[in-house]
Amino acid sequence: MKYLLLVLALLTATPTLAVQPDEVLQDPAMESRARDISQGLRCLVCRNENIDESNAELAKDLRLLVRERLVAGDTNDEVVDYVVDRYGEFVLLKPTLTGANKLLWIAGPVMLILALIIGLTFIRRRGKEPEVADLTEDEEARLARLMND
Amino acid sequence: MLVELGHFALVMAFIVAIAQTVLPLWGAQTRNRALMAVGEPAAMIQLVLIAFSFGALTYAFVTSDFSLKVVVENSHTLKPMLYKVSGVWGNHEGSMLLWVLILALFGGAAALFGQNIPATLRARVIGIQGSIGVAFLAFILFTSNPFLRLEWPPMDGQDLNPLLQDPGLAFHPPFLYLGYVGLSMTFSFAVAALLEGRVDAAWGRWVRPWTLAAWVFLTIGIGLGSWWAYYELGWGGFWFWDPVENASFMPWLFAAALLHSAIVVEKRETLKSWTILLAIMAFGFSLIGTFLVRSGVITSVHAFANDPERGVFILLILAIFMGGALTLFSFRASVMQAKGVFSVVSRESALVINNILLAVSSLVVFIGTIWPLVAEAFWERKLSVGPPFFDAAFTPFFVVLAVLLPIGTILPWKRAKLGATVKKLIPSIILAVAVMGLVWSIQTEKSLLGPIGLALGTWLVAGAIQDILLRTGKTMNLGRLTRLPRADWGRLLAHGGLGVTMAGIAGLTAWTVEDIRVVQVGETFEVAGYTIALESVDRAQGPNYITTMATMGVFEGDKKVATLHPEKRSYPVAQMPTTEAGIDNGFLRDVYLVIGDVQSNGGWAVRTYIKPLANWIWGGTIIMAIGGFLSLTDRRYRVAVGARKAETAPKGVPAE
């Protein structure tokens with residue numbers, strides 16, 4: 001942890017902008033693909049930043065790598081696979097749909113469906129039950145007094 | 001000396017908190033009035049003691065007392081006064097002290113304003129509040145004491161993290177804590193109600209103002225944080241789905257759900273056990289947030305220096321309070337008998353849907369936030385869950401919520417006809433569709449995000465306006481508007497504000513224009529119809545930093561719209577650079593300039609962004625907060641918190 005902080009301090013000590021003008025590719029279509037890919041890749045030495053926004057040297061290297069691969073003729077997926085092969089899936093900001101990650105992705109819909117079933121059951125039951133007698137007159141009076149005090 | 005007194009006051013507060021917990025709770029159980037009566041003075045004394053302790057620490061920061069470890073690590077003599085003060089809570093120890101100060105503040109407020117709450121309920125609420133105080137005061141005293149002295153005080157301090165030396169961030173933590181800790185009140189009310197075994201309309205009415213207050217503070221706190229990220233981090237992002245942002249967002253979503261379900265308890269005496277559960281969960285997520293930030297299990301931009309011991313301690317607090325409350329809940333929930341009967345199409349059902357969407361969306365954020373931990377613990381997979389996941393998994397919930405919201409708000413209680421209700425909203429529907437068509441046709445890039453976002457925003461704002469117009473009756477007697485309860489206006493603003501924020505987020509995300517280039521001093525360039533000139537770049541000395549400041553002109557045609565000064569600062573003590581963007585705020589767009597490094601050919605790297613509708617995001621947030629505040633000042637709560645007034649109130653509940 002200490003080491004990581006030191007690395008961070010050293011890296012950020014030379015302030016740079018995220019994407020540098022000299023990194024930008026000539027071909028605007030290819031550059032925009034590079035930007036799209038960069039936004040999905042995590043800067044490994046940063047705290048929760050993608051390489052497109054990051055100022056770190058490593059992020060810059062990765063940005064250049066992405067562009068190199070694109071120029072070499074890789075498709076977007078091939079570029080991402082290339083990076084993941086080298087840095088592991090930690091680098092992906094969008095978790096893949098493989099293995100246990102399926103749980104993560106279906107958690108939302110499943111919870112929603114369950115909640116809707118429970119909610120609807122409750123609502124339908126409320127519709128069928130006879131109205132519970134309201135407060136007695138004494139209680140009403142007491143309530144009004146409490147509320148208005 | 002003052003520092004020692006502050007430390008002593010904190011220890012005293014801990015002892016008083018124990019008394020405040022044990023005696024009133026014991027008293028309420030045994031119906032002993034004398035014991036129950038201990039609660040209020042104890043809460044007030046605790047407040048005074050912690051306030052004194054906090055004052056002592058602030059004094060140490062203001063006078064740069066470098067015999068204190070925490071001052072050395074987070075302050076510097078050259079730092080501007082505002083940041084010397086905000087430095088008190090810009091670190092782990094001090095921010096925990098602020099945490100318990102606010103906790104005591106709420107406890108004191110409950111003692112002060114709770115006069116007409118039945119004695120046993122009041123005693124229990126204050127007792128539970130005291131127990132939270134015990135836990136966190138112990139946490140401070142045993143693991144995070146801000147009053148530790150150094151044997152050899154240095155000549156000067158190490159300065160506060162420069163990113164935190166900013167007015168937006170100076171006030172961001174206090175508001176967030178007011179929100180987090182405000183939810184402790186709803187928790188105390190929920191547990192007290194479980195102990196009493198009774199939840200009724202009156203309880204709903206007592207608990208709602210505290211929820212509203214907490215929600216308003218959280219809204220402001222989150223808004224400030226997001227605004228700060230926008231102008232400080234140098235590329236105009238406003239939300240990162242960072243674990244710590246999520247930590248504040250989850251309680252916000254739960255508080256929003258709780259606000260709405262408390263209305264159902266108050267008006268219709270149903271959804272009681274669910275509301276209690278929500279109140280417990282909302283505070284639970286505040287504690288989880290605290291745990292995530294302080295334990296260091298998840299690295300994030302915000303993480304304070306943290307160690308495992310603290311993490312374990314907070315986890316223990318979390319386990320005791322959540323475990324205890326949920327166990328109590330499982331035993332007592334069946335006591336809470338629902339009363340109101342309603343059909344499938346009714347305001348009650350709409351609010352149930354609201355609660356489902358808000359609670360599930362919050363759980364989605366939760367799972368996404370902790371997933372990296374889970375994946376590593378169970379499958380040894382090191383992975384990241386970033387913005388692409390949250391954008392995809394969370395956004396649909398709010399789209400559905402926005403579509404249903406205006407309909408739900410005007411549905412009558414008990415039973416309603418969907419067709420007739422939707423028919424009333426035809427003007428809003430037409431307006432929203434028209435906006436969608438208009439936006440679609442004028443935007444250059446054909447994406448759906450912009451048109452849909454703006455249509456939803458329009459639908460929410462128009463729906464909120466129609467909602468209040470419908471309150472004036474069939475004849476549209478506008479004079480009645482002035483006599484509507486403030487809660488109605490609060491609802492208009494809160495729902496409308498949400499629409500404004502959603503439109504802003506969609507506009508900014510869909511249409512931001514970016515330009516990166518090298519510019520020589522004296523050169524001009526064009527971005528999206530604006531001409532921008534780099535007039536000069538100067539170096540200057542700030543109070544505790546060195547700055548490289550550019551002067552840039554922004555022109556529309558020949559007319560100069562603004563002169564901006566983007567800066568690159570370097571803080572020598574903290575050894576950290578920051579960027580200060582130059583922003584021209586506008587109603588429809590921001591022009592956002594950032595200056596970078598000097599290049600080998602003598603030019604400067606310059607980034608330009610045109611950010612459409614950026615200010616709508618925070619404008620909407622402010623409107624939401626004002627709405628919440630208006631609702632908080634509604635007569636029925638002022639009455640409920642004990643402003644003694646003659647019985648001029650209309651009998652029963654205001655028609656809503």
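This note covers an open sheet in chain B and a helix in chain A of a predicted model.

1. The sheet in chain B is open and has four strands, in the order S1-S10-S9-S8, with antiparallel pairing. Its edge strands are S1 (513–519) and S8 (582–584), each of which pairs on one side only. From one strand to the next, the twist averages 15°.

2. At one end of that order, S8(B) pairs with strand S9 (residues 589–598) of chain B in the antiparallel sense, over three bridges. Two facing positions can be checked in the structure: B:Gly582 stands opposite B:Leu593, and B:Asp584 stands opposite B:Val591. The connection from S8(B) to S9(B) is a hairpin through four residues.

3. S9(B) also pairs with strand S10 (residues 604–612) of chain B, again in the antiparallel sense, and here the pairing runs over eight bridges. Within this pair, B:Val594 has B:Arg607 in S10(B) as its bridge partner. The hairpin of S9(B) and S10(B) has five residues between the strands, and in this hairpin B:Gly602 takes a positive phi near 90°.

4. How many of the 10 residues of S9(B) are buried? Eight are, so that the strand is mostly covered. In a regular strand, side chains alternate between the two faces of the sheet. For S9(B), with eight of its 10 residues buried, the burial count is worth reading alongside its place in the order S1-S10-S9-S8.

5. Turning to chain A, helix H2 (residues 28–39) has 12 residues, which at 1.5 Å a residue should span 16 Å. Its end C-alpha atoms are 16 Å apart, so the length agrees with the expected value.

6. Which residues of H2(A) are buried? They are A:Ala34, A:Ile37 and A:Ser38. These three cover an arc of only 100° around the axis, and therefore lie on the same side of H2(A). The other side of the helix carries exposed residues, namely A:Pro28, A:Ala29, A:Ser32 and A:Asp36.

7. What do the buried residues of H2(A) pack against? Their partners are two helices of chain A, H3 (57–71) and H4 (76–87). The side of H2(A) that holds A:Ala34, A:Ile37 and A:Ser38 is thus described both by its burial and by its packing against H3 and H4 of chain A.

Conventions:
Residues numbered from 1 in each chain as written. Chains lettered and ligands numbered in written order. Predicted model: local features only at pLDDT ≥ 70, side-chain atom pairs only at ≥ 80, totals over all residues. Pairing = 2+ DSSP bridges. Axes fitted to C-alpha atoms, helices over the stretch in contact; angles between N-to-C directions. Expected span 1.5 Å × (residues − 1). Buried ≥ 20, exposed ≤ 12 C-beta atoms within 10 Å, placed from the backbone. Arc of directions from axis to C-beta. Contact = placed C-beta atoms within 7 Å.
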